[in-house]
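Got the viewer ready? Load the model, switch on a cartoon with sticks to hand, and follow along.

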Amino acid sequence: MKILIIGGTGFIGKPVTKMFVQNGHEVAVFHHNKETSDTSLNIVDLIGKRDKILNYKNEFLSFKPDLVIDIIPYTAQDIWGLKMAIKDVTENLLLLSSGDVYKVYDTFHKNLSEVDNSPLAETSELRSKLYPYKSEQVDKYDELLFNYDKIIVETMAQEKSFNTCILRLPAIFGKGDKQLKLSEYIIPMMTNQASIILSVKMANWIWTRSYVENIAYGIYLASTNEKARNNIFNLGDINLKEFDLVTKLKKLTGWKGEIIIKENIKEQFNYEQNIMMDSSKIKQVLNYSAPINDEVALLKTIQNYCLQ
């Protein structure tokens, strides 16, 4: 297959690009920073800014991909520009979305009071409030977060002119994660702090997570299987309570400190609301299973922090 990847050099994009190349596919990557190009891989490098993507339609037509994978569609402008740029180029599109499209995300952010801890299927109710991060931009404006909404991206992408597959992703950790997820636990353990404090609610909270290489495999699987076309899938492998996750990290790091559970901690989020994604559909339809188990994934992440 010939694959065009939009944003194929970052945290998720890099292992996705590598997986396609290693499996014999012809890959072109559209991204904005030549310095992030992986010169060890045999790929077509297309350097340009996302907001100027229409200027690269001729390059896309020349490459003629069988499928376009958009790693970084965040806004209505992103998806509108992409659709115009790949019109008459290919009919097949795979988009990365997020678990933040679900209604429970509003409860977690304290915009709603109703708690529903049923596992989230692809048919679960979505947020009615758009632009989930706009209210946080009152004092410090960030254009991307102000205009971000994966619900709008998904809706605009599901047109009859494209065979669109949407993957809704969980919290992702691993090498290259600029958000440094799990660092709030791993770094205190590595620096031998005496304790880590969790509230009672947070200790029992579940947020679906996955290792970045498992996510890359899920993207690869959905890209190469025709059953994924015009379908939506949740991805996610780890559904541990936060206390159990921290306990596992304690064991893997050899940390001798204490996990302390406290009552009455004032918190920004509603940790009574889980964000637990059910990924049984992708397992049944595409035969997905995580190639890297929880323990190995966490060990690799700990080792990455040790090298920083």
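Select helix 12, residues 294-307, and colour Ala297, Leu298, Thr301, Ile302, Asn304 and Tyr305, which are buried (under 20% relative accessible area, with exposed meaning over 50% and partly exposed in between; 1.4 Å probe, protein chains only). Look down the axis of helix 12: its buried residues fall within an arc of 155°, so they line one face of the helix. That arc is taken over the directions from the helix axis to the C-beta atoms. Helices here are DSSP runs of H or I with at least four residues, strands are E runs of at least two, and both are numbered from the N terminus.

This is a predicted model: local features need pLDDT of at least 70 and side-chain atom pairs count only at pLDDT 80 or more, while totals for chains, interfaces and linings use all residues. Residues are numbered from 1 along each chain as its sequence is written, and side-chain values use heavy atoms, with hydrogens and water left out.

Now show what helix 12 leans on: its buried residues pack against strand 7 (171-173), helix 7 (183-190), strand 9 (209-211) and helix 10. Contact means heavy atoms within 4.5 Å.

Hop to helix 10 (residues 242-253) and pick Val246. Why does Val246 count as buried? Because its relative accessibility is 0%. Leaving aside neighbours within four places in sequence, Val246 is in contact with Tyr185, Met189, Ile196, Leu198 and Ile259. For a sense of scale, draw a distance from the C-alpha of Val246 to that of Lys64: 47 Å, with the two positions 182 residues apart along the chain.

Next, helix 1 (residues 13-22), where Gly13, Pro15, Val16, Thr17, Met19 and Phe20 are buried. They pack against strand 1 (2-6), strand 2 (26-31), strand 4 (67-70) and helix 9 (212-223). After helix 1 comes Gly24, with a positive phi near 85°.

Keep Thr17 selected and add Gly8, Thr9, Lys14, Thr36, Asp38, Leu41 and Ile43: together they line the largest cavity. On a 1 Å grid over the protein atoms alone, a cavity is a set of points where a 1.4 Å probe fits but cannot get out, and lining residues have an atom within 4 Å of a point. The volume of this cavity is about 50 Å³, and a search of the whole structure finds one cavity of 30 Å³ or more.

How values were computed. The expected span of a helix is 1.5 Å times one less than its number of residues. On a 1 Å grid over the protein atoms alone, a cavity is a set of points where a 1.4 Å probe fits but cannot get out, and a pocket is an open set with protein on both sides within 12 Å along at least five of seven lines; lining residues have an atom within 4 Å of a point. Grid points are joined across faces, edges and corners, and a volume is the space filled by probe spheres set on the points.
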